[in-house]
Amino acid sequence: MTATSKPSNMPASNLPAGAIRHGSSIGQPLTRRDGPLKVTGQARFSADNLPPGTLHAALCVARIARGRVTGLDVAAAEAHPGVVAVMRPGHAPALAKDPDAKDGPFTFRLDLLQNDRVRYANQPIAVVIAETLEAATEGARLLAPTYAAETPRIGLDAGAAFTPDSVGVGAPPVETDGDVEAGLAAASRTIAATYETPAQYHNAMEPHAAVASWDGNRLTLFMPTQALAMSQARLAGLFGISPDDIHIESPYLGGGFGSKGVPAGPQVLACMAAKLVGRPVKLVPTRTQMYGPMGHRGPTRQTLRLGADASGKLTALDHHIRTASSSFDDFFEPAGRATSTLYASPAIAIRHEAVRLDTGTPLFMRAPGEATGSVALESALDEMAHELGMDPLEFRLANYAEVEPITGKPFSSKALRDCYRRGAEAFGWAGRPLQPRQTRDKDGFLVGTGMGTATFPALIFEGMARAEIRADGTGTVELGAIDMGQGSWTALAQIAADGLGIGMDALTFRMGSSDLPNAGIAGGSGHTATAGGAVHAAAGDVIRQLAELATNDPASPLYGAGNAGVTAADGRLTRRDDPGRSESFTDILRRAGRSRIEGQGKAGADPAAQASYAMHAHGAVFAEVKVDPDLGQIRVSRLVGAFAAGRVINPRLVRSQYYGGMIWGLSFALHERAEMDPRTGRFLNDNLAEYHVPVNADVPAMEAILVHEDDAVVNNLGVKGVGEIGITGTVGAIANAVWHATGVRVREMPITLDKLLG
Ligand code: MOS
């Protein structure tokens, strides 16, 4: 491993010009403010909480994928000296709402011991509550369930395909523009290829823990969640109480990847268990128990048909997707989304269909849709470039979308050309052989390079924040924002300090609790736009009030500056038209006899901007791989990504997000695959020993280039999401590099050595 293989050691050498504004906390490459707490073990994760009298709960989960539970040896479990209660169908607190009732796209059906039915492997079928974790675990084992099993439906051919009403969250399953068949008929070259991506499991390091306690009808819950208010609302509905009576603490998450966006069934079971026994209950699922009730990425089979004319312009782009959902709920991997935004073509058709399987319900996972879709799209682009004898980057530039295809909307900003150029330069793309299997390194390994385009929508949700400045010149900003590892504790505080015009050391910043204003969902790579936008607005509200006090006060040097305006920095307001005239927050408040000024702010989508513009982040990823010609072993040796995602709040954290995304891509391309036994529907690798994710030694030298991009439309901060885009170009880039190294085109992810040797 070289020094550059450690993302945290990368020098801050490729900052976009002008990113650091003097005196502003925005744009500074600060380290994570929560870092020292985490490395010293002081950061308190959900499962670290143990209120007095806490009991431990263990799940008993189904060993079949479809059927009924016919028996549980409750007497044996209850006879265990440590066991306090066995919660099971018929012996569980009543719920106010059927957990199978659906009231919105973010409400997912939950298995909460309402009946004896089994809908997927590892579904919870009982909960044993005991004085110790050991007793609970032993008790769960003593239940020794018996079943009436039915033949499970497993795999993309196991059921009749249908067209879902929508894919992702409310996206159309079918999108067409122009005549694809005519475009294919008119093409001088066509390709058709089918790609497969497997079911994948989020595998956040931290399990979906919950420590629940009731005080009458008030619930206190330590639970990792990506969305505090949404979790509150879901639990309030299930327990028939007001959301205000639910207090959720979620200051730190050990990863989410989409799996903690909505409460998982076992987290609700912890609340039910605490209610049943009248004592606090802690429930931490095992790694295996996270394969089933916590969501996953649905598998896909995608057929791409492309036509191009002799000059290399696309004449048709046809993307057909088959994916899967559970037998009982609706989430459909929106794998065609990237195809609707990325390349110009006179004819585009995108069609999703799905089958129903006896698995847990798929869910959002690491660029849901764009990640899976771009595997196929970027591979197909590469195959067509080869067919045309064109450089893959030249082919992409020849089909650059100047406006969003299908909608015809202009982009609010799109610095993708800069990403291609900067990435290609840094990688050394030029002069690469067009034919595969041309290069060997000094050790005889086959060397190949490949590229892919990255794209992810710039999303924003509804969020609110509260801010205040005090007479001593210090300030507070608070909101129910979430840090699942991406750096919100730091980036949002930077926005807060910048907005209030104070230093980071004068700022008290609070988040991660449901008692604070609803800051929306930490998902869809939209949290900085949402929560950051709310923080910016709340701070602006405080400064506006402060400016009103000063500019209307004849004793202030700012008197009469109302029309010219003032700026806030370093704890002072300064006249825009005369930087020599300024006054400290402290003086303004003291003279006004005020101890503090409070402000509110909110963020959300601007419908007019949404109607007029397409808003996406973009990037280009370049990969180099080395393949053992005899054994087929694949190593990614270099990854370079260049990304443009609007304004950079913290270049160190943004770069870290890009590294993370590219490592997810490496994981998708070479490692991850959930294997199920089609006869039983049981997992063959529901553990981290056999479900492979990359370790440090798998991660190559990486470079993430932050490409400058100004966007005055996308939101009040000009930021786009950076959390998920890194995965989208990377998988295709690696797959294309493996082909370039070996001449073997593997269309089924992950690319493993057997597929190269076969
Ligand atoms: Mo992300 S899959 O929106 O948490």
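**Exercise 1. A proline in a loop**

Task: Pro750 lies in the loop between helix 15 (725-742) and helix 16 (753-757). What is the form of the peptide bond from Met749 to Pro750?

Solution. This is a predicted model. Read omega for the bond from Met749 to Pro750. Its value is near -5 degrees. The bond is therefore cis. Most peptide bonds are trans.

**Exercise 2. The whole chain**

Task: Describe the protein chain by its radius of gyration, its box, its burial and its secondary structure.

Solution.
- Step 1. Take the radius of gyration. For 758 residues, a compact globule would have a value near 27 Å. The protein chain has 27 Å, which agrees.
- Step 2. Take the box along the principal axes. The C-alpha atoms fill roughly 85 × 75 × 50 Å.
- Step 3. Look at burial. Of the 758 residues, 60% are buried.
- Step 4. Look at contacts between residues at least 6 apart in sequence. In the protein chain, 80% of them join residues at least 24 apart.
- Step 5. List the secondary structure. The protein chain has 16 helices and 27 strands.

**Exercise 3. Strand 19 and its partners**

Task: Which way does strand 18 run against strand 19, parallel or antiparallel? Which way does strand 20 run against strand 19, parallel or antiparallel?

Solution.
- Step 1. Start with strand 18 (residues 463-470). It is joined to strand 19 by 4 bridges, and the two run antiparallel. One bridge pairs Arg466 with Glu478 of strand 19.
- Step 2. Follow the chain from strand 18 to strand 19. The two form a hairpin, with 4 residues between them. Gly473 sits in the turn and has a positive phi of about 90 degrees.
- Step 3. Go to strand 20 (residues 507-510). Here 4 bridges join it to strand 19, and the two run parallel. Thr476 stands opposite Thr508 in strand 20.
- Step 4. Add the helix. Strand 19, helix 10 (residues 488-500) and strand 20 make a right-handed β-α-β unit.
- Step 5. Check the side chains of strand 19 (residues 475-478). Gly475 and Val477 point one way. Thr476 and Glu478 point the other way. All four residues are buried. In a regular strand the side chains alternate between the two faces of the sheet.

**Exercise 4. An annotated span and an open sheet**

Task: Which strands stand at the edges of the open sheet with the order 4-2-6?

Solution.
- Step 1. Read the record. An unreviewed UniProt entry carries the annotation "domain: Aldehyde oxidase/xanthine dehydrogenase a/b hammerhead" for residues 40-151. In the model, the end C-alpha atoms of this span lie 50 Å apart. The span is 14% helix and 27% strand.
- Step 2. Read the sheet order. The 3 strands are in the order 4-2-6, with antiparallel pairing.
- Step 3. Find the edges. Strand 4 (117-118) and strand 6 (146-149) each have a single partner strand, so one side of each has no neighbour in the sheet.
- Step 4. Look at one pair. Strand 2 (residues 67-71) and strand 4 are antiparallel, with 2 bridges. The bridge partner of Gly67 in strand 4 is Val118.

**Exercise 5. Positive phi outside glycine**

Task: Ala367 and Ile406 both have a positive phi. Is each one buried, partly exposed or exposed?

Solution.
- Step 1. Recall the background. Most residues other than glycine have a negative phi.
- Step 2. Take Ala367. Its phi is near 60 degrees. It lies in the loop between strand 15 (348-357) and helix 7 (370-388). Its relative accessibility is 0%, so it counts as buried. The cut-off for buried is under 20%.
- Step 3. Take Ile406. Its phi is about 70 degrees. It lies in the loop between helix 8 (392-398) and helix 9 (416-427). Its relative accessible area is 26%, so Ile406 is partly exposed.

**Exercise 6. Cysteines**

Task: How many disulfides does the structure hold?

Solution.
- Step 1. Apply the cut-off. The two sulfur atoms must be within 2.5 Å.
- Step 2. Count. The structure holds 0 disulfides.
- Step 3. Test Cys271. The nearest cysteine sulfur belongs to Cys60 and is 20 Å away.
- Step 4. Check burial. Cys271 is buried, at 0% relative accessible area. Cys419 is also buried, at 0%.

**Exercise 7. Thr339 and its contacts**

Task: Which residues does Thr339 touch, leaving aside its neighbours within four places in sequence?

Solution.
- Step 1. Place Thr339. It is in the loop between strand 14 (314-326) and strand 15.
- Step 2. Check burial. Thr339 is buried, with a relative accessible area of 1%.
- Step 3. List the contacts. They are Leu317, His319, Ile348, Ile350 and Leu377.

Key:
Residues numbered from 1 in each chain as written. Heavy atoms only, no water. Buried < 20%, exposed > 50% of the residue type's maximum accessible area, 1.4 Å probe, protein only. Pairing = 2+ DSSP bridges. Right-handed = clockwise from strand over helix to strand, strands pointing away. UniProt positions renumbered as here; feature names shortened; annotations may be inferred. Rg over C-alpha atoms; globule rule 2.2 N^0.38 Å. Contact = heavy atoms within 4.5 Å.
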